[in-house]
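Reader: I'm new to reading structures, and I get lost when I try to take in everything at once. Could you pick one part and walk me through it slowly, the way you'd look at it yourself?

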Amino acid sequence: MKIHLNLATRDLDASVAFYRTLLVAEPAKHYADYALFLTEHPGLELALDLDPAASAGKDAHYGIVVENPEGVDAAITRFRVAGYPVDIETDETCCYAVQNKVWATDPDGRRWETYFVVAETEERDNEATTCCATDAAVKSASPACC
């Protein structure tokens, strides 16, 4: 079983470069107006459609769970080498779990987290938590994670 996502993008080449870095994969198809990534880890079919009017929703984020902390470290290295800015969170309580993660943003503004769950917890977030925060959540101090 695989998840299929279809995302519109204003700049297909920039998005292909970002998703190559995120997914550690080459697109199976790449045309002037369309690209398709097929991956086994994670099980994903990611289609990218060129749309000059594309606008990423600000109410969602996306994530990839890795099997060990080294998977987060590897993602940090890949993003930095490729020149993408990253936000790194270490041992942060978020969504009832202590997590290590790295955030990167695709060319259309979609936030992606690559993360490892260190431990489960009964606490959703703590005062220092910035995970998954939206502008509205930060202003209202309401939980915005997950």
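Author: Let's sort out one word first: a strand here is a DSSP run of E with at least two residues, and strands are numbered from the N terminus. With that, you can place Tyr96, which is in the loop between β6 and β7 (97–105). Keep in mind that this is a predicted model.

Tyr96 is a nice warm-up for backbone angles. Most residues other than glycine have a negative phi, and most peptide bonds are trans. Tyr96 goes the other way, with a positive phi near 65°. Tyr96 is also partly exposed, as its relative accessible area is 42%. Asp91 isn't a glycine either, yet its phi is positive, about 50°; you'll find Asp91 in strand β6 (residues 87–94).

Now for the part I'd like you to stay with: helix α1 and what its side chains do. Start at the beginning of α1, where a side-chain oxygen of Asp11 comes to within 3.3 Å of the backbone nitrogen of Asp13. Next, check the length. α1 has twelve residues, so at 1.5 Å a residue it should span 16 Å, and its end C-alpha atoms are indeed 16 Å apart. Right after α1 comes Val24, with another positive phi, near 50°.

Which residues of α1 are buried? They are Leu12, Ser15, Val16, Phe18, Tyr19, Thr21, Leu22 and Leu23. Let's follow one of them, Tyr19. Its relative accessibility is 0%, so Tyr19 counts as buried, the cut-off being under 20%. Tyr19 forms an aromatic pair with Trp112; the pair is edge-to-face, with 5.8 Å from centre to centre and 80° between the planes. Look at where the two partners come from: Tyr19 belongs to helix α1 (residues 12–23) and Trp112 to strand β8 (residues 111–120), so the pair links distant parts of the chain, 93 residues apart. Trp112 is buried as well, with a relative accessibility of 4%. Step back a little and you'll see a bigger group, since Phe18, Tyr19, Tyr62, Phe79, Tyr84 and Trp112 form one aromatic cluster.

Rings can also have a charge sitting over them. Arg111 lies over the face of Trp103, 3.9 Å from the ring centre. The charged end of Lys101 sits over the ring of Tyr115, at 5.6 Å from its centre.

Before you go, glance at the sheet with four strands. It is open, its order is β1-β4-β3-β2, and its pairing is mixed. β1 (3–9) and β2 (29–30) are at the edges with a single partner strand each, so one side of each has no neighbour in the sheet. Strands β3 (residues 34–40) and β4 (residues 43–50) pair antiparallel over seven bridges, and two residues lie between them in a hairpin. In that pairing, Leu36 stands opposite Ala47 in β4, and Glu40 stands opposite Gly43. Look into the loop between β3 and β4 and you'll meet Pro42. The peptide bond joining His41 and Pro42 is cis, with omega about 5°. On the other side of β3, β2 runs antiparallel to it and is joined to it by two bridges; His30 has Ala35 in β3 as its bridge partner. A hairpin of three residues takes the chain from β2 to β3.

Conventions
Residues are numbered from 1 along each chain as its sequence is written. This is a predicted model: local features need pLDDT of at least 70, side-chain atom pairs count only at pLDDT 80 or more; totals for chains, interfaces and linings use all residues. Side-chain values use heavy atoms; hydrogens and water are left out. Rings of Phe, Tyr and Trp (its six-membered ring) pair if their centres lie within 6.5 Å; planes under 30 degrees apart count as stacked, over 60 as edge-to-face and the rest as tilted. Buried means under 20% relative accessible area, exposed over 50%, partly exposed in between (1.4 Å probe, protein chains only). A charge sits over a ring if NZ of Lys or CZ of Arg is within 6 Å of the ring centre and within 35 degrees of the ring normal. Two strands pair if DSSP finds at least two bridges between them. The expected span of a helix is 1.5 Å times one less than its number of residues. A polar contact is a pair of N or O atoms within 3.5 Å; within protein, one must be able to donate a hydrogen and the other to accept it, and residues adjacent in sequence count only if both atoms are side-chain atoms.
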